[in-house]
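Me: I should like to request a close look at a single part of a protein model, followed by a walk through its surroundings. The structure is shown here.

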Amino acid sequence: MDIIEAKNLFYTYEGEASQRYSLEGIDFRMKAGEFVVLLGQNGSGKSTLAKHFNGLLPLQQGNLYIAGLDVRDPANLWDIRRKCGMVFQNPDNQFISSVIEEDIAFGLENYDFPPEQIAAEVHKALALVGMAGFEKKSPHMLSGGQKQRVALAGVLAISPEIIIFDESTAMLDIQGRQEILQTIQQLHQAEHKSIIHITHRMEEAVLADRIDLMKAGRIVASGPPRRILADLPLLTSANLLPPLPVRLYEDLRNAGIHLAECPLTIHELTEQLCRLS
Ligand SMILES: Nc1ncnc2c1ncn2[C@@H]1O[C@H](COP(=O)(O)OP(=O)(O)OP(=O)(O)O)[C@@H](O)[C@H]1O
Ligand SMILES: [Mg+2]
């Protein structure tokens, strides 16, 4: 059994009579522990798809199972939300309390955690994201990266198996982004969480086990980063700018300079260039 099994999903925001679909026949499967990046231009349907996975949007057409739970059955909704947590773009919109420990505790109370365990769980979640010691502080006093890590702690506290990051690095500077990316990789590698990361940044997409490329409500390609990101015509047809090293590889090739392999990162590009001399 895969942790996510979606078959032939259709979704429209405009009511049953509309023919304008935001999702149009999506098949998506994900193994437990996998790290999938959803790529696609604005409006291609990434958030709409992700919001199906934790029950934020109702299933209109198709079949969807999260950890074996049928999303169509309203009795499963609570369990599905617990299995699949989501971190959004703007950390300021994700807090309901002005004290960090209360904010995280609120989520735990919602899921009926025994009150005597809550303080320990809050501390554990903050430690996981490197924010232990901030329990009594206000989320509004933190930097963007710290806020995003606290928002993530709130999600982690309820021990989800799947964590979706919907452009959670988009508003952060380079340091904040690195903090979140390191946390994502740690959750993937050490905690064996299943990760869906939605991003426009090619250097983040490189980190995935698999990239699913969306265009106009469909998944138009799915495969390892090395295949998807090096495919210039594919990315161009999805209105995406290929990673800089891939563009340089092509430019060099057109100028008669042939690198042995198409590099995906600056580091790989440097290695290939060094081998030329
Ligand atoms: N709340 C909404 N009401 C009506 N239409 C919506 C709503 N949210 C999204 N849409 C439409 O659904 C389509 C897919 O939007 P979605 O937000 O899923 O795209 P996305 O790939 O996440 O884009 P972005 O990269 O901008 O976040 C778009 O055509 C969008 O206009
Ligand atoms: Mg989106």
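Leaving aside its neighbours within four places in sequence, which residues is Tyr-21 in contact with?

Reply: It should be said at the outset that this is a predicted model. In this model, Tyr-21 is in contact with Phe-10, Tyr-11, Thr-12 and Gln-61, when its neighbours within four places in sequence are left aside. Tyr-21 itself belongs to the loop between β1 (residues 4-11) and β2 (residues 23-30). Its relative accessible area is 22%; because a residue counts as buried only under 20%, Tyr-21 is classed as partly exposed. One of its contacts, Phe-10, stands 11 residues away from Tyr-21 in sequence, while the C-alpha atoms of the two are 6.7 Å apart in space.

The ligand may be considered next. The residues that surround ligand 1 are Tyr-13, Ser-22, Gln-41, Asn-42, Gly-43, Ser-44, Gly-45, Lys-46, Ser-47, Thr-48, Glu-167 and His-200. By character, this shell consists of one nonpolar, nine polar and two charged residues. Three approaches to the ligand can be described atom by atom. Tyr-13 places a polar side-chain atom 3.5 Å from a nitrogen atom of ligand 1. Gly-43 has a backbone N or O atom 2.8 Å from an oxygen atom of the ligand, and for Gly-45 a backbone N or O atom lies 3.0 Å from an oxygen atom of the ligand. Ligand 1 exposes 630 Å² when taken alone, and the protein buries 61% of that area.

Two members of this shell, Lys-46 and Thr-48, also appear among the buried residues of helix α1. This helix, which spans residues 46-53, is mostly covered, since six of its eight residues are buried. The buried residues are Lys-46, Thr-48, Leu-49, Ala-50, His-52 and Phe-53. Asn-54 lies in the loop between α1 and β4 (residues 61-66). With a relative accessible area of 6%, Asn-54 is buried. Apart from residues up to four places away in sequence, Asn-54 touches Ile-80, Arg-81, Cys-84 and Met-86. Just after α1 there is also Gly-55, whose phi is positive, at about 75°.

A charged residue can be buried as well. Arg-149 is part of helix α5 (residues 144-156). The relative accessibility of Arg-149 is 11%, and therefore it counts as buried. Outside the span of four places in sequence, Arg-149 touches Val-129, Gly-130, Met-131, Glu-179, Ile-180 and Thr-183.

Ala-216 offers another setting. It is located in the loop between β9 (residues 210-215) and β10 (residues 218-223). The relative accessible area of Ala-216 is 52%, and so it is exposed. Its phi is near 45°, a positive value in a residue other than glycine. A further case is Asn-239, which is not a glycine and yet has a positive phi of about 60°. Asn-239 sits in the loop between α9 and α10.

That loop leads to helix α10, which covers residues 244-254. Within α10, the residues Pro-245, Val-246, Tyr-249 and Glu-250 are buried. These four lie on the same side of α10, because they cover an arc of only 140° around the axis. The cover over the buried residues of α10 includes α9 (residues 232-237) and α11 (residues 266-276). Just after α10, Gly-256 takes a positive phi of about 90°.

One residue of α11 can be followed across to this region. Ile-266 lies in α11, and Ile-266 touches Leu-244 and Pro-245, if residues up to four places away in sequence are not counted. Pro-245 is one of the buried residues of α10. Ile-266 and Pro-243 are 23 residues apart in sequence, with a C-alpha to C-alpha distance of 9.4 Å.

Arg-247 is also found in α10. Its relative accessible area is 30%, so Arg-247 is partly exposed. Not counting residues up to four places away in sequence, Arg-247 touches Leu-241 and Pro-242. Between Arg-247 and Glu-268 there is a separation of 21 residues in sequence and of 13 Å in space, C-alpha to C-alpha.

Terms used: Residues are numbered from 1 along each chain as its sequence is written. Chains are lettered from A and ligands numbered from 1 in the order in which they are written. This is a predicted model: local features need pLDDT of at least 70, side-chain atom pairs count only at pLDDT 80 or more; totals for chains, interfaces and linings use all residues. Side-chain values use heavy atoms; hydrogens and water are left out. A residue is near a molecule or strand if one of its heavy atoms lies within 4 Å of it. A polar contact is a pair of N or O atoms within 3.5 Å; within protein, one must be able to donate a hydrogen and the other to accept it, and residues adjacent in sequence count only if both atoms are side-chain atoms. Accessible areas come from the Shrake-Rupley method with a 1.4 Å probe; for residues, only the protein chains shown count as cover. Ala, Val, Leu, Ile, Met, Phe, Trp, Tyr, Cys and Pro count as nonpolar, Asp, Glu, Lys and Arg as charged, and the others, Gly among them, as polar. Buried means under 20% relative accessible area, exposed over 50%, partly exposed in between (1.4 Å probe, protein chains only). Helices (H or I, at least four residues) and strands (E, at least two) are DSSP runs, numbered from the N terminus. The arc is that of the directions from the helix axis to the C-beta atoms. Contact means heavy atoms within 4.5 Å.
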